[in-house]
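Hi,

Here is the structure I promised to pass on. Have a look at it first, and then read my notes below.

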Amino acid sequence: MVTVTDPPRLDIPVTGALARTREFLGRHRLFVTALALAFLLRVVTMLGYGPALWFNDSFEYVSGAVNPDRPSALRPNGYSFWLLLLRPFHSFGLVALTQHLMGLGIAVLIYALLRVRFGLPGWGATLATIPVLFDAYQIQLEHLVMSDAMFMLLVVGVVTLVLWHRRMSWRLGAVIGLLLAFTALTRSIGLPILALVVAYMFVKRTGWRPITAMVTACAVPVLGYMAWFASAYGNFAMTNSDGAILYMRTALFADCTTMRVDPRKELELALLCISAPPSERHFSGQKYLWWAQPGQRFHAFGPGTTFTPDMNRAAGTFAKRAILAQPLDYLAIVTGDFFRAFRWDRPQFPDANTYRQYEFLAEGKVLPAWSSYRGTTDRDAQTYDPSLPSAQIRGKPSVIGTEVHDPWAAIIRGYQQTIRLPGIVVGLLLLAGLAGVLARWRKLGGPVLLPWLGAFGLILAPAATAEFDYRYVLPAVPLACVAAAISLRHGFGGSAGAARPTGETASAPTTASAE
């Protein structure tokens, strides 16, 4: 007898996948809704300001991507490597899109960590992502041709991996080390983050193998980069600007009389002495580093000598001398800049031009024709993205870096005037995290310690080594949100009921013991 079987139902796997997707979206509908709205805001930004926004530092990064044969003397080339990876597409619009996706990715990591690893309810984990998703200045920062979005994603990725796994293998340690290397090559402050993670892993008794693997995996790319840097500039370092930046930090108070600088024996230091008395100096130290203006001595050695190994060494020596001779003045200026991050309002600082570069403006951006490594900044940008238009402005051809398109630009401008994260909220998040650390003092802060110290350090470090800038506060916000959320999950003293971390066996301790 011949039987006829039913034809195969090819729709079953698809239907099952759709059902699982609907179930997943239903479980996380609040966060998915927030993520979708945040994505729409970023689409409006891209429609309104094409292809991207520009900061003064953007041009050095683009130059590094257009001329990848030499490292930058000013800052590590990690972000330039990212631009170089995207260069075949010749689109700053694509660069901006990837950075907006990085911003959304940060929110996804925060939500997943808090929801799965620490058992927060959906609304609580979603609430912790709101500053990253909806702060207008976060969105604006992502739209700039700048390294900040990439740096933030790397830092949050490192903290997520460390907190997610209570038990760590050497392979995972190596992955974290590579992420830390990329972080350090994106911004120099990534190396102190390595020290912070190592200290945390020692406190948590992670074991020597994952720590060794992490340090080794971080050291190899960083040392390789430093060797490349040495081949170009002659000194084994990552930049020729750390001493110069520290000089900027001390420029507002450094008094060569108090420092006892002898011009006959210490001519290099004496040439860096600022003639104006401290009481008559500008309120921002940037004036005494970047621009050759009256009373500013950093450019005293002539053009082309500002970021050389010798100048960097002399500026660093001067700055350290100033700090040691005037420790109270240094402490006062660092304290002032640290607490500037927690103001409710947003006054102009360090100057009107820098402040405006963080705003969605009504006019487009004409790229400056500053000198670069092998050309000019505007031509470097047009080499990277030939679709950037040119126009005759004041009788000479100029490159347009940003075009404004209404009504989209007007929408996001109005949004920025209304929706932002006040500094005082950042301060409250840090206080909540600190309360969680203190409540877990027997366990040295538990899992709250790492994100809290990371957030605190990311705000303190610029105040101590450079100068306050609004964009330096934003990388600390995701970590502050994580620390506050973990602290508030069980009040400031509990440790019960957290979810089991992904990947642990049934016999492994629950995450509650980590609290």
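Let's start with the buried residues of α9: they are Leu172, Gly173, Ala174, Ile176, Gly177, Leu180, Ala181, Thr183, Ala184, Leu185 and Thr186. Keep in mind that this is a predicted model. What covers those residues of α9? The cover includes α4 (78–86), α8 (148–164), α10 (190–203) and α11 (208–233).

The length of α9 checks out too. This helix runs over residues 170–186, and at 1.5 Å a residue its 17 residues should span 24 Å; the end C-alpha atoms are 24 Å apart, so the two agree.

Two of the helices covering α9, namely α10 and α11, also pack against each other. Their axes are 10 Å apart, at an angle of about 170°. An angle over 145 degrees counts as roughly antiparallel, so that is how α10 lies relative to α11. On the α10 side, the contact is made by Leu191, Leu194, Val197, Val198, Met201 and Phe202. From α11 come Pro210, Ile211, Met214, Val215, Cys218 and Val222. Sorted by class, that contact has 12 nonpolar residues, with no polar and no charged ones.

Now for the chain as a whole. It has 24 helices and seven strands, and 52% of its 515 residues count as buried. About 23400 Å² is exposed, with carbon and sulfur atoms supplying 65% of that. If you take the contacts between residues at least 6 apart in sequence, 75% of them join residues at least 24 apart.

Cheers

Methods
Residues are numbered from 1 along each chain as its sequence is written. This is a predicted model: local features need pLDDT of at least 70, side-chain atom pairs count only at pLDDT 80 or more; totals for chains, interfaces and linings use all residues. Side-chain values use heavy atoms; hydrogens and water are left out. Helices (H or I, at least four residues) and strands (E, at least two) are DSSP runs, numbered from the N terminus. The expected span of a helix is 1.5 Å times one less than its number of residues. Buried means under 20% relative accessible area, exposed over 50%, partly exposed in between (1.4 Å probe, protein chains only). Contact means heavy atoms within 4.5 Å. Accessible areas come from the Shrake-Rupley method with a 1.4 Å probe; for residues, only the protein chains shown count as cover. Axes are lines fitted to C-alpha atoms, for helices over the stretch in contact, and angles run from 0 to 180 degrees between N-to-C directions. Angles under 35 degrees count as roughly parallel, over 145 as roughly antiparallel, 65 to 115 as roughly perpendicular and the rest as oblique. Ala, Val, Leu, Ile, Met, Phe, Trp, Tyr, Cys and Pro count as nonpolar, Asp, Glu, Lys and Arg as charged, and the others, Gly among them, as polar.
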